[in-house]
Amino acid sequence: MQRRIGVVGIVIEDRAKAPEINNILSNYSEIIIGRMGIPHRERELSVISLIVEGTNEEIGAMTGKLGNIKGVQVKSALSTKYWET
């Protein structure tokens, strides 16, 4: 399998969606290397950054599910280099 390393940025404008987001991230925990979450209470939003390593399909499935949640924006940047597993 070809795996890539990258970063996924998640902006959450509706903090009530946090349990749904955390459930998805938990389901994809095997591809998450690192996670940093910052709640910005004054602006009533949160930002999560993830470092991921997975196949295009795994990363795409996770970001697709996150992006389908209303009030959540997701962007990713992946390495062009692949690693075989």
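**Arg 3 and the pairing of strand 1**

In this predicted model, the side chains of Arg 3 and Glu 53 meet in a salt bridge, with 3.9 Å from N to O.

Student: How many residues apart in sequence are the parts that the pair Arg 3 and Glu 53 ties together?

Tutor: The two side chains form a salt bridge. Arg 3 lies in strand 1 and Glu 53 in strand 3, so the pair ties together parts of the chain whose separation in sequence is 50 residues.

Student: Is Arg 3 buried or exposed?

Tutor: The relative accessibility of Arg 3 is 14%. A residue counts as buried when its relative accessible area is under 20%. Because 14% falls under that cut-off, Arg 3 is buried.

Student: Which residue in helix 2 forms a salt bridge with Arg 3, and what is the distance between the closest N and O atoms?

Tutor: The partner in helix 2 is Glu 58, and the pair links distant parts of the chain, 55 residues apart. Arg 3 itself belongs to strand 1. The closest N and O atoms of Arg 3 and Glu 58 are separated by 3.4 Å.

Student: Which residues are joined into one network by salt bridges that share partners?

Tutor: The whole structure contains two salt bridges. One of them is between Arg 3 and Glu 53, and Arg 3 also forms one with Glu 58. The network therefore comprises Arg 3, Glu 53 and Glu 58.

Student: What is the relative accessible area of Glu 53, and what is that of Glu 58?

Tutor: Both residues are partly exposed. The value for Glu 53 is 25%, and the value for Glu 58 is 23%.

Student: In which sense does strand 1 pair with strand 3, strand 4 and strand 5?

Tutor: Strand 1 pairs with strand 3 over nine bridges, one of the partner pairs being Val 8 and Leu 50. Seven bridges join strand 1 to strand 4, residues 72-78, where Gly 6 has Leu 78 as its bridge partner. Two bridges connect strand 1, residues 2-12, with strand 5, residues 83-84, and Gln 2 stands opposite Glu 84 there. In each of these pairings the sense is antiparallel.

Student: Where is Thr 55 placed, and which residues does Thr 55 touch, not counting those up to four places away in sequence?

Tutor: Thr 55 sits in the loop between strand 3 (45-54) and helix 2 (56-67). Its relative accessible area is 7%, so Thr 55 is buried. With residues up to four places away in sequence left out, the residues that Thr 55 touches are Met 1, Gln 2 and Arg 3.

Definitions and conventions: Residues are numbered from 1 along each chain as its sequence is written. This is a predicted model: local features need pLDDT of at least 70, side-chain atom pairs count only at pLDDT 80 or more; totals for chains, interfaces and linings use all residues. Side-chain values use heavy atoms; hydrogens and water are left out. Buried means under 20% relative accessible area, exposed over 50%, partly exposed in between (1.4 Å probe, protein chains only). Contact means heavy atoms within 4.5 Å. Two strands pair if DSSP finds at least two bridges between them. A salt bridge is a side-chain nitrogen of Lys or Arg within 4 Å of a carboxyl oxygen of Asp or Glu.
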